[in-house]
Amino acid sequence: MAGAVLQQTPVTFRSRVPPAISHLSRRTPGKVSLSSNLKIPKLTVKPLARHVRGRGARMADTAAGSYATALADVASSNNTLDQTYADVEKLRKVLSEEDVVSYFANPIIDDAEKRGVVDKIAQSSDLQPHVVNFLNILLDMKRIDLFGEIAKDFESIYNGMTRTELAVVSSVVQLESQQLAEIAKGVQQLTGAKNVRIKTAIDPSLVAGFTIRYGNSGSKLIDLSVKKQLEEIASKLEIGEIQLAV
C-alpha cells in the first residue's frame, strides 16, 4: 500500500458532505486510515512506505504524494481510476484560480462556509462522492492549498498505472486534431506506451513549428521549431567558417 507522512498533530476529522461521510484519523506511529459509508474499500496509508510509480520509480515521501497515492488507491479499488483522473483535472482548473485559492486560504472565513463552496463545486463539476470526501478531508486538514501538487502527483501515478505517456506539444498556434493524432502515434512508437495523452500549449517565442516534450517529468524533447533552427544557424555563424561560392 502507498506510503505517506501526513505532517499534522494527532487529530480526527469527519467530512461533512452527505451521503458520503468520511473518517480520517491518525495515531503515531501507527497507520492513517480512511473509510466511508460509500461502497469504498478501507484505505490504509503506512508512514514512510513508498508507492510504485511508472516503471519502478517511487513516489517521493511528501504530503502531496501521500494524498495523491491515497486517492489513487481508492480509485483503483473502486475501478474508477479514469473517472477520478477526470475529476482531479476538473478540480485542478477550479482550484488554480487566484480568487478560489485566496478564498480557501483566508483564515477569517468559517470552515462551514468553505464546505458550502465545496458542495457547489462538487455539484457543478459532477464529482464522484469519494472525490468530494477527499476534498473535504483536505479542507479539514487545512491542506487544500496543496491540491495543485496533489493533482500533479496523481497524474504521474495514473500514468504509471495505465501505462500512459504524457506528451506536451507547444506551438505558436493551435495545431489541428489530425496533426496531434499523428504526433501521438509518433510518441507511441518512440516510447512503446500503451496510451498517449497529448496536452497542448501556445508559445509565440517558437516563431513557427512546434516542440514535443515527453518522458519522465518531460525529460525528453523533440524540437521542430523555427526558433531552434535559427539558434543553430546563429551558432554556426559564430563558430564556423563562412564559405562564399566563386
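Is phenylalanine 104 buried or exposed? Phenylalanine 104 is buried, at 8% relative accessibility (buried is under 20% relative accessible area, exposed over 50%, partly exposed in between, with a 1.4 Å probe and protein chains only). This is a predicted model, so local features need pLDDT of at least 70 and side-chain atom pairs pLDDT 80 or more, while totals for chains, interfaces and linings use all residues. Residues are numbered from 1 along each chain as its sequence is written, and side-chain values use heavy atoms, leaving out hydrogens and water.

**View 1. Tyrosine 67 meets phenylalanine 134 edge-to-face.** Searching the whole structure turns up three aromatic pairs. In the one shown here, tyrosine 67 and phenylalanine 134 sit 6.3 Å centre to centre, with 75° between the planes (rings of Phe, Tyr and Trp, taking its six-membered ring, pair if their centres lie within 6.5 Å; planes under 30 degrees apart are stacked, over 60 edge-to-face, the rest tilted). Tyrosine 67 belongs to helix α1 (residues 63-77) and phenylalanine 134 to helix α5 (residues 129-140), so the pair links parts of the chain 67 residues apart. Both rings' residues are buried: tyrosine 67 at 5%, phenylalanine 134 at 6%.**View 2. Tyrosine 103 packs its ring edge-to-face with phenylalanine 104.** Their ring centres are 5.4 Å apart and the planes stand at 85°.

**View 3. Confidence varies along the chain.** Mean pLDDT, the predictor's confidence in each residue from 0 to 100, is 76 for the chain, and 72% of residues reach 70 or more. Among the elements, helix α2 (residues 81-94) has the highest mean, 95, and strand β2 (residues 22-26) the lowest, 35 (helices, H or I of at least four residues, and strands, E of at least two, are DSSP runs numbered from the N terminus).
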